[in-house]
Amino acid sequence: SDQQIADELPAGTSLRYAFPTVSQADSGDYHLIFKAETPAGDDNPGNDKLEAWIHVAPLIDDFERKSTLWDYGQGWGTTDHFTGGYKSKYAMHVNSGERYSDNMDNSLTLLHSFNLSNVAFAALSFRIRYSMEKGKDYLLIQAADSKEKWVTLDSLTGTNLRWRQHIVDLTPFCGPGNDSVFVHFRFVSNESHTSIGPMIDDVKI
């Protein structure tokens with residue numbers, strides 16, 4: 001918990017206080033209490049306290065609207081094709097609703113970074129369904145402390161047509177010095193046998 005105290009707040013004026021920033025990894029419910037010390041002669045002390053609950057969720061994007069959070073590379077885009085998103089209309093797709101092509105190398109990159117320097121554990125979570133040539137075409141889930149040195153944390157290939165949750169451990173990028181961590185999805189196909197490819201929804205950290 002944290003507390004800020006104002007010695008005096010004259011009527012008709014306002015003050016602004018800054019509390020410690022909530023990390024992207026610190027999801028949960030936060031209880032805010034605003035309380036005024038009851039002055040002498042206050043006939044209505046019941047209105048001297050205001051409480052509020054704020055829910056902080058780790059959801060980055062559910063792709064239900066055009067987002068400026070991503071670099072879409074050479075084809076990634078939202079679509080309602082192939083039965084749409086996970087419990088929603090839209091999902092992110094490697095080729096904007098069309099079958100992927102041969103020899104693709106296309107990345108979906110989150111433009112802003114995460115400060116994971118003060119956490120011991122973090123994970124990237126998302127819903128996914130996919131159809132890719134097994135052992136030949138891959139979705140790589142990668143992270144980096146810059147946008148030039150991507151590290152592959154996990155990979156998917158083959159077919160899974162039912163939506164499921166997939167979790168990727170980001171612990172290698174947690175702790176001191178990891179104050180600017182980027183994540184992206186990289187799809188790579190070979191020279192033959194195309195299919196639907198990967199569809200992604202409800203990205204969280």
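Helices and strands here are runs assigned by DSSP, with at least four residues for a helix and at least two for a strand, and they are numbered from the N terminus. With that in hand, welcome to the tour; what you have open is a predicted model.

**Stop 1: the whole chain**

Show the protein chain as a cartoon. It has 0 helices and 13 strands, so defined as DSSP runs. Follow the sequence from the start and you will meet the pattern β-β-β-β-β-β-β-β-β-β-β-β-β. The chain holds 205 residues, and 38% of them are buried. Now switch on a surface: the accessible area is about 12300 Å², with 49% of it belonging to carbon and sulfur atoms. Among the contacts with a separation of 6 or more, 71% are between residues 24 or more positions apart.

**Stop 2: the open sheet**

Next, select strands β4, β7, β12, β9 and β10. In that order they make an open sheet of 5 strands with antiparallel pairing. Which strands sit at the edges? They are β4 (70-71) and β10 (151-156), each of which pairs on one side only.

Zoom in on the β4 end. Here β4 and β7 are joined by 2 bridges in the antiparallel sense. Pick D71 and look across to β7, where T109 stands opposite.

**Stop 3: a salt bridge between strands**

Stay with β7 and show the side chain of D105, then add R186. These two residues form a salt bridge, and their closest N and O atoms are 2.7 Å apart. The pair links distant parts of the chain: R186 belongs to strand β12 (residues 182-188) and D105 to strand β7 (residues 105-110), 81 residues apart.

Are these partners buried or exposed? R186 has a relative accessible area of 27%, so it counts as partly exposed. D105 is also partly exposed, at 46% relative accessibility.

**Stop 4: the other salt bridge**

How many salt bridges does a search of the whole structure find? There are 2. To see the other, select D62 and R65, whose closest N and O atoms are 3.6 Å apart. R65 has a relative accessible area of 56% and is therefore exposed, since the cut-off for that label is over 50%.

**Stop 5: an enclosed strand**

Now select strand β8 (residues 123-131). Why is this strand described as largely enclosed by the rest of the structure? Because 8 of its 9 residues are buried, each having under 20% relative accessible area.

Bring in the strands that pair with β8. Strand β11 (residues 159-169) pairs with β8 in the antiparallel sense over 8 bridges. Click on Y130 and you can find its bridge partner, N160, in β11. Strand β13 (residues 197-204) also runs antiparallel to β8, and 6 bridges join them. For a landmark here, select R127 and then its bridge partner in β13, D201.

**Stop 6: K49 and its contacts**

Finish at K49, which lies in strand β2 (residues 49-56). Its relative accessible area is 45%, so K49 is partly exposed. Which residues touch K49, leaving aside its neighbours within four places in sequence? Select I33, F34 and K35 to see them. Draw a distance between the C-alpha atoms of K49 and F34: they are separated by 5.7 Å, although the two residues are 15 residues apart along the chain.

Note on methods
Residues are numbered from 1 along each chain as its sequence is written. This is a predicted model: local features need pLDDT of at least 70, side-chain atom pairs count only at pLDDT 80 or more; totals for chains, interfaces and linings use all residues. Side-chain values use heavy atoms; hydrogens and water are left out. A salt bridge is a side-chain nitrogen of Lys or Arg within 4 Å of a carboxyl oxygen of Asp or Glu. Buried means under 20% relative accessible area, exposed over 50%, partly exposed in between (1.4 Å probe, protein chains only). Two strands pair if DSSP finds at least two bridges between them. Contact means heavy atoms within 4.5 Å. Accessible areas come from the Shrake-Rupley method with a 1.4 Å probe; for residues, only the protein chains shown count as cover.
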